[in-house]
Amino acid sequence: MPVDSGLGVETPPETGTTFPHVDTLRAVGALAVLTTHVGFWSASYGTNGTVGALLARLDVGVALFFTLSGFLLSRGWLARAAVGRPAPGTGHYLWKRALRILPVYVVTATLALALVEANRGLGWGDRVATYLLASTLVDVSFPAGLTHMWSLAVELHFYLLLPLLMLIGVGRRLRTPRVVALLVVLTALSAWWHLSGAAWALGDSLVATPQWLVGYLDWFAVGIGLALASVLHEQGRGGRVVAALRSLAAQPGVCWLLAGSLLLIATTPLAGPLVLDPPTDAEALTKNLLYAAIGGLVVLPAVLREVPSHPTAYDRVLLHPVARHLGFTSYGLFCLHVPVLHLLTSTTAWDVFTVDFWPLWFATLAVSLVAAELAYRLVERPALRLKGRHPLARRRAGSAATASAPSTGTSAR
């Protein structure tokens, strides 16, 4: 049964308690993405030295999202295979994923398409592609107010691909070498895509090739690898690698310090330009791999560390009711903050690229938090209550009545 978050709002019906730190990490990712977009709109990237460079690299929040998705969604398959249980039902899994992302996205897309001036001339084809989360498959980017949704499109494509990946890499019985081989292949595909694959596949096409799933498979692979380590530890099959990961996870301060150090490296020319100039293939790959490592280091202590009987500062911060509630509403914060930026710059005297960073950041955060709270209460939670009523629910119920073992679902978010 959902419990109260301490703010008068119950935790989401799909949120589990096995990895409670993860809720706040979602908020960290959303705030990072919001901050990097405010930095771009205020032209802060190239004018504030290292601070401006760090603002540019806070798009690493997307890597954090993808790593979390890889961990949370794959773990159900891995855990069931480890004890010889059937894989999660694909239909139920896809139904829950649709309820998780589509309602708020449709509301956001409708608002942006209707209210952002730059979208007034869009044709029906562009609008249909937007609602299908397919804009980056047929065009350079999503329409104005929705340009950040390229990452949600990548997430959607990962959701659709995951059952096949788990069939290939896991099957009915968990074999560590087989899963590791899958992770190596996913990482190699991402590296190939950045070095030559995109050019080979699309040539001179205007499609935004770096924003396709294949370029980010390694970020999801990091999450799947952490899920594998978690399941192996539960089964007492970890070995030296899992022991080493758990030893590092037991020191969250070290993990975050290492992640911060890698983020500083990402601000250098090694990871390419800070603005929209195209990077070289080597720069794009370097940035991609740095972000993969950062995502893994940030998520590691949240999923492979035993919570001590006397919570540390790390636990007190990430498990604080306010922090976790921000995590519950973080999806709305992510979706709505760019339309809010358009709203603020169109209804105030602030001009894009001339407005100061801090006033714009505080205003964007305040309005976006209110919008996210409304979306959470009015859209997300009502939708998620339908997760047990997917189109195959009756058939599932009938099967469950005759099954000898209880059903166990896996919650992704």
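This is a short talk on contacts, surface patches and backbone angles in one protein model.

Hi everyone, thanks for coming. Please keep in mind throughout that what you have in front of you is a predicted model.

Let me start with the aromatic side chains. The count comes to 18 aromatic pairs. One of them is Phe-66 with Phe-220, a stacked pair with 4.6 Å centre to centre and 15° between the planes. Phe-66 sits in helix H3, residues 60–82, while Phe-220 belongs to helix H9, residues 217–234, so this pair ties together parts that are 154 residues apart in sequence. Are these two rings buried or exposed? Phe-66 is buried because its relative accessible area is 1%, under the 20% that marks a buried residue. Phe-220 comes out at 0% relative accessibility, so it counts as buried too. If you have the viewer open, please select the neighbours as well: Phe-66 and Phe-220 belong to one aromatic cluster together with Trp-150, Phe-158, Tyr-216, Trp-219 and Tyr-291.

Now to the charged side chains. As a reminder, side chains of opposite charge can pair when their charged atoms come close. In this model the count is 9 salt bridges, and I'd like to walk you through some of them.

First on my list is Glu-380 with Arg-100, whose side chains meet at 2.9 Å, N to O. Which helices do they come from? Glu-380 lies in helix H16, residues 357–384, and Arg-100 in helix H4, residues 90–115, so the salt bridge ties together parts that are 280 residues apart in sequence. Both Glu-380 and Arg-100 are buried.

Next comes Glu-306 with Arg-246, a salt bridge at 3.5 Å, N to O. Glu-306 is in the loop between helix H12 (281–304) and helix H13 (313–318), and Arg-246 is in helix H10, residues 239–249, so here the parts tied together are 60 residues apart in sequence. With 54% relative accessibility, Glu-306 counts as exposed.

Staying with that loop, let's look at Arg-305, which forms a salt bridge with Asp-315, the closest N and O atoms being 2.7 Å apart. Arg-305 is in the loop between H12 and H13 and Asp-315 is in helix H13 itself, so this pair ties together parts that are 10 residues apart in sequence. Arg-305 has 11% relative accessibility, so it counts as buried. Asp-315 is at 1%, and therefore counts as buried as well.

There is also a network of salt bridges to show you, linking Asp-23, Arg-26 and Arg-324. Arg-26 lies in helix H1, residues 21–41. Its relative accessible area is 8%, so Arg-26 is buried. For anyone thinking about contacts between distant parts of the chain, the C-alpha atoms of Arg-26 and Ala-323 are separated by 9.8 Å, and these two residues are 297 apart along the chain.

Let's move to the surface. Which residues form the positive patch? They are Arg-173, Arg-175, Arg-178 and Arg-237. Among them, Arg-178 is placed in helix H8, residues 176–202. Arg-178 counts as partly exposed because its relative accessible area is 31%.

Helix H8 comes up again in the nonpolar surface patch, since Val-185 is found there. Val-185 makes that patch with Leu-189, Trp-192 and Trp-200, and the patch is about 440 Å². At a relative accessible area of 47%, Val-185 is partly exposed, because partly exposed covers the range between 20% and 50%.

Last topic, and one for those of you who check torsions before running anything: backbone angles. Most residues other than glycine have a negative phi. Where do we find positive values here? Ala-43 has a phi near 55°, and Phe-353 has a phi near 75°. Ala-43 is in the loop between H1 and helix H2 (49–56), and with 28% relative accessibility it counts as partly exposed. Phe-353 is in the loop between helix H15 (330–347) and H16, and is partly exposed with a relative accessible area of 46%.

That's my tour. Thanks for listening, and I'm happy to pull up any of these residues on the screen.

Definitions and conventions:
Residues numbered from 1 in each chain as written. Predicted model: local features only at pLDDT ≥ 70, side-chain atom pairs only at ≥ 80, totals over all residues. Heavy atoms only, no water. Patch = residues over 30% accessible without salt bridge, like charges linked within 9 Å, V, L, I, M, F, W, Y side chains within 5 Å. Areas by Shrake-Rupley, 256 points an atom, 1.4 Å probe, with all protein chains shown as cover. Salt bridge = Lys/Arg side-chain N within 4 Å of Asp/Glu carboxyl O. Lys, Arg positive; Asp, Glu negative; His and termini not counted. Charge placed at Lys NZ, Arg CZ, Asp CG, Glu CD. Helix = DSSP H or I, 4+ residues; strand = E, 2+ residues; numbered from the N terminus. Buried < 20%, exposed > 50% of the residue type's maximum accessible area, 1.4 Å probe, protein only. Phe/Tyr/Trp six-rings, centres within 6.5 Å; stacked < 30°, edge-to-face > 60°.
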